[in-house]
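Opening the notebook on this one. I want to look up a handful of residues and then the chain as a whole.

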Amino acid sequence: MDTDTSITVTRTIDAGAAEIFDVLSLPANHVDIDGSGFVRSVDHGDRITATGQVFTMNMSGEHMGGDYQTDNHVTGYDEGRLLAWQTTPAGTEPKGWQWVWQLQPYGPDSTEVRLTYDWSHVTDQELLKKVSFPLVKEDQLEESLNNLAAAVGSAS
């Protein structure tokens, strides 16, 4: 799905939802999963276990003039099924874009993974002048799903 304010990609991965969720819920794994090329390393971030947590990532991209950090505020958590967070420049409040990972198990060794990049709640006009959404394209999101499948396969 691709709308004016969000992109969703889906892939079935040959692994159980618990195994996939285990990989997704550890921010340090996002370096290997990221298909955009922006994520460089985790600055701090414990395993995600509840909404309200914040993890910080070290990033790099021309859209921000090089290296920068993001704070990621966990807004959705349902163990084995859902992880969501709003990303914002470090030290600021969320600006309205979020990442949503949804898992639908199809038995013990098969899970549909849906990744949504949603910027529908961005209302800051100055930000919209500076940042041209979407920063991450559909093929990069699909690469994130490919990387997740590889990470789960190598964790087996």
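**Entry 1, Thr87.** I started with what Thr87 touches, keeping in mind that this is a predicted model. Leaving out residues up to four places away in sequence, Thr87 touches Thr70, Asp71, Asn72, Lys95, Trp97 and Trp99. I then looked up where it sits: Thr87 belongs to strand β5, which covers residues 82-89. Buried or exposed, I asked of Thr87? Its relative accessible area is 7%, and since the cut-off for buried is under 20%, Thr87 counts as buried.

Next I checked its side chain for polar partners. One is the side chain of Asn72, at 2.7 Å. Another is the side chain of Trp99, at 3.3 Å. Both Asn72 and Trp99 are also on the list of residues that Thr87 touches.

**Entry 2, Gln98.** I moved on to Gln98, which I found in strand β6 (residues 98-105). Its relative accessible area is 18%, so it is buried under the 20% cut-off. Which residues does Gln98 contact, once neighbours within four places in sequence are set aside? I noted Thr75, Trp85, Gln86, Thr116, Tyr117 and Asp118. I also looked up one distance from here: Gln98 and Ser120 are 22 residues apart along the chain, and their C-alpha atoms are separated by 8.9 Å.

**Entry 3, Thr8.** Thr116 came up in the contacts of Gln98, and I met Thr116 again when I looked at Thr8. The side chains of Thr8 and Thr116 are joined by a polar contact of 2.8 Å. Thr8 lies in strand β1, residues 6-13. With a relative accessibility of 7%, Thr8 is counted as buried.

**Entry 4, Asp78.** I wanted a residue with some exposure, and Asp78 gave me one. Asp78 is in strand β4, residues 66-78. Its relative accessibility is 40%, and because partly exposed runs between 20% and 50%, Asp78 falls in that class. I looked up its distance to Gln140 as well: the two are 62 residues apart in sequence, and 25 Å apart in space from C-alpha to C-alpha.

**Entry 5, a cis bond.** Then I went through the peptide bonds. Most peptide bonds are trans. The bond from Phe133 to Pro134, however, is cis, with omega near 0°. Where is Pro134 placed? I found Pro134 in the loop between α3 (125-130) and α4 (138-155).

**Entry 6, the chain as a whole.** Last, I stepped back. I noted four helices and seven strands, and their order from the N terminus is β-α-α-β-β-β-β-β-β-α-α. The C-alpha atoms fill a box of roughly 45 × 30 × 25 Å along the principal axes. The radius of gyration is 15 Å, and a compact globule of 156 residues would have one near 15 Å, so the two agree.

Of the 156 residues, 47% count as buried. I also looked up the contacts with a separation of 6 or more: residues 24 or more positions apart account for 46% of them. The accessible surface comes to about 7,800 Å², and carbon and sulfur atoms hold 46% of that surface. For charges, I wrote down 9 positive and 24 negative, with their mean positions 4 Å apart.

Terms used. Residues numbered from 1 in each chain as written. Predicted model: local features only at pLDDT ≥ 70, side-chain atom pairs only at ≥ 80, totals over all residues. Heavy atoms only, no water. Buried < 20%, exposed > 50% of the residue type's maximum accessible area, 1.4 Å probe, protein only. Polar contact = N/O pair within 3.5 Å; in protein donor to acceptor, adjacent residues only side chain to side chain. Contact = heavy atoms within 4.5 Å. Rg over C-alpha atoms; globule rule 2.2 N^0.38 Å. Areas by Shrake-Rupley, 256 points an atom, 1.4 Å probe, with all protein chains shown as cover. Lys, Arg positive; Asp, Glu negative; His and termini not counted. Charge placed at Lys NZ, Arg CZ, Asp CG, Glu CD.
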